[in-house]
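Q: I have a sequence and a model on my screen. How do I read the features in it, one by one?

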Amino acid sequence: MRLVSANFLALLFMCAIGSVFYVWSALESRLERHKRGFTIPGGALPADLSSKTFRALLAVPVAPQKAHLGGRNVTDHTLGSRHYHLNGYNKRRSPRKGSTVKLGGSPLEDGIFWSDRLEELLPVGFTEEDAREWRDRAREYRIVKLETGCGRISNQLATFEDGSKACVRYGINADQVQGETLTYYLASLLGIMNLPPLVLSQLSTDNEQWQAVQTRVEELQWSERAVVSLTQWVSNLTGVVTPAPLRQESSGLHPSLKQLWNQSSDELLELMQWTDLIILDYLTANFDRLVSNLFSLQWDSRIMERDTNNLLRTPRGDLVFIDNEAGLVHGYRVLDMWEKYHKTVLSSVCVFRRRTARRVAELHRRRDARTRLMEVYRDSEPLSFHLGFMSDEHAVLLQDRIDTLHRHILHCKAKYNQL
């Protein structure tokens, strides 16, 4: 009798455990669907991406790598948000005038390049002088407040002692902090000035910059000596929808597109900035912008009609490329998953800014992208040795992508030079 009772109790216990696991699995599944924010016909992602979305890929574990520049594994920052504060952005620029009217002439020159007249209408985004001044202040000013406002809780909105603000990026490894930082300096080599200024800072009880917020740092459980990035916070920004020439139903942005001659100056100036964005995202293999939209078309046919990830517009119409942590280091690590989409986006464009194309041609000719990027990074960032640099393998990938981009520009020039 005791044996029967014991067996019966054991059976009840196993049933109870089984029920708990069943309920837990269901809740976990629902939670995961909630995090993804979408459902997929058939209930499964394509086989090449298994159960991961493009945002989930930001959490792919980092394989051990050889340290560079004396680097060590520190933090990776997560996705940011659209909450950026206007603080000195283009203070010295006069408002753009007459840009809502037709250009009155060809928007292109020499076949594939945006005209000099358009270049004159396009103000510099974050000027190097203003960026340098902001970086100097951001390294010296004490942080007096940390709060939510830059996306995930692992990111914080920092207020400096002068009232200006910055987004602080913190994570679990170096991939995304490196990606954000190196993308910023690669953009500067290319003359692309749409990225907010960025500096690195090291969390430490000995660092006067962080002493006023030590309690908050402890609450966030941020690690001592971790390297984080501070990015200028810009407000009054709005979302940006992919322009018609770059959508899936279009033949692409090329010189024979008649629509170009019907665009207003504002629309042409925005397209100019998009061509720089596509070049930068191709070189850095950043999948968390237009490429992710292209990928999502397989279950959301209207994705291109909604705001593009990590791309915002100022009231003046200037585009701001934010949250570039998916580029370079991390983007290269998952490149096999995304390369076909990167190639598709690049092949859709055959119009370029002349200055950007010249910078690409120079990096191709000199074949020194790694050296030049390392130099500007090390010269500009005192903490570069703590954060580290890209691996030799990734440096080769960067040079290869520069070479591929240069060949693509030459192909476009040969195809459209007689127009």
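Q: Where does L328 sit?
A: This is a predicted model, so read every value as computed from it. L328 lies in the loop between β10 and α8 (329-333).

Q: What is the sign of phi at L328?
A: The value is positive, near 55°, and L328 is a residue other than glycine.

Q: Is L328 buried or exposed?
A: Burial is read from relative accessibility, with buried meaning under 20%. L328 has 0% relative accessibility, so it counts as buried.

Q: Which loop holds R367, and what is its phi?
A: R367 belongs to the loop between α10 (354-366) and α11 (369-380). Its phi is near 50°, again a positive value in a residue other than glycine. R367 has 46% relative accessibility, so it counts as partly exposed.

Q: Now a hairpin. Which residue in the hairpin of β9 and β10 takes a positive phi?
A: G317 does, with phi near 100°. This hairpin has 5 residues between its strands.

Q: How do β9 and β10 pair?
A: Look at the direction and the bridges. β9 and strand β10 (residues 319-321) pair in the antiparallel sense, over 3 bridges. One place to check is L311, whose bridge partner in β10 is F321.

Q: Which strand does β8 join?
A: Strand β8 (residues 238-241) is joined to β9 by 3 bridges, and the two run antiparallel. Find T238 on your screen: R313 in β9 stands opposite.

Q: Why is strand β9 described as largely enclosed?
A: Start with the general idea. In a regular strand, side chains alternate between the two faces of the sheet. Then count the buried residues in this case. Strand β9 spans residues 307-313, and 5 of its 7 residues are buried, so the rest of the structure largely encloses it.

Q: How much of the whole chain is buried?
A: Buried residues make up 53% of the 419 residues in the protein chain. The chain has 13 helices and 10 strands. Sequence separation is also worth reading. Among contacts with a separation of 6 or more, 78% are between residues 24 or more positions apart.

Q: What should I look for in a nonpolar core?
A: In soluble globular proteins, nonpolar side chains tend to be buried together. Here the largest nonpolar core has 82 residues, and W114 and L398 have the most contacts inside it. α6 gives the most to this core, with 11 residues. Another core, of 19 residues, lies apart from it and includes A138, Y170, V199 and L203.

Q: Which residues does W114 contact?
A: Set aside its neighbours within four places in sequence. W114 is then in contact with residues including P107, L108, L253, L260, L268, L271, M272 and T275. V351, F352 and R353 are also among its contacts.

Q: How many cavities does a search of the whole structure find?
A: There are 2 cavities of 30 Å³ or more. Take the second largest, which holds about 50 Å³ of space.

Q: Which residues line the second largest cavity?
A: The lining is I278, D281, Y282, L290, V291, H342, V345 and L346. By type, the lining residues divide into 6 nonpolar, 1 polar and 1 charged. α6 (265-284), α7 (290-296) and α9 (335-347) each supply at least two of them.

Q: Is R135 buried or exposed?
A: A charged residue is read by the same route: take the accessibility, then the contacts. R135 is in helix α3 (residues 128-140). Its relative accessibility is 6%, so R135 counts as buried. Leaving aside neighbours within four places in sequence, R135 contacts E128, Y184, Y185, P197, L198 and V199.

Q: Where is E381, and what does it contact?
A: E381 lies in the loop between α11 and α12 (384-387). At 1% relative accessibility, E381 counts as buried. Beyond neighbours within four places in sequence, E381 is in contact with R139, Y185, L198, V199 and L200.

Q: How does R139 read?
A: R139 is found in helix α3. Its relative accessibility is 25%, so R139 counts as partly exposed. Not counting residues up to four places away in sequence, R139 touches V199, Q209, S380, E381 and P382. Compare sequence and space as well: R139 and L200 are 61 residues apart in sequence and 8.0 Å apart in space, C-alpha to C-alpha.

Notes: Residues are numbered from 1 along each chain as its sequence is written. This is a predicted model: local features need pLDDT of at least 70, side-chain atom pairs count only at pLDDT 80 or more; totals for chains, interfaces and linings use all residues. Side-chain values use heavy atoms; hydrogens and water are left out. Buried means under 20% relative accessible area, exposed over 50%, partly exposed in between (1.4 Å probe, protein chains only). Helices (H or I, at least four residues) and strands (E, at least two) are DSSP runs, numbered from the N terminus. Two strands pair if DSSP finds at least two bridges between them. On a 1 Å grid over the protein atoms alone, a cavity is a set of points where a 1.4 Å probe fits but cannot get out, and a pocket is an open set with protein on both sides within 12 Å along at least five of seven lines; lining residues have an atom within 4 Å of a point. Grid points are joined across faces, edges and corners, and a volume is the space filled by probe spheres set on the points. Ala, Val, Leu, Ile, Met, Phe, Trp, Tyr, Cys and Pro count as nonpolar, Asp, Glu, Lys and Arg as charged, and the others, Gly among them, as polar. A nonpolar core is a set of buried Ala, Val, Leu, Ile, Met, Phe, Trp, Tyr and Cys residues joined through side-chain atoms within 4.5 Å. Contact means heavy atoms within 4.5 Å.
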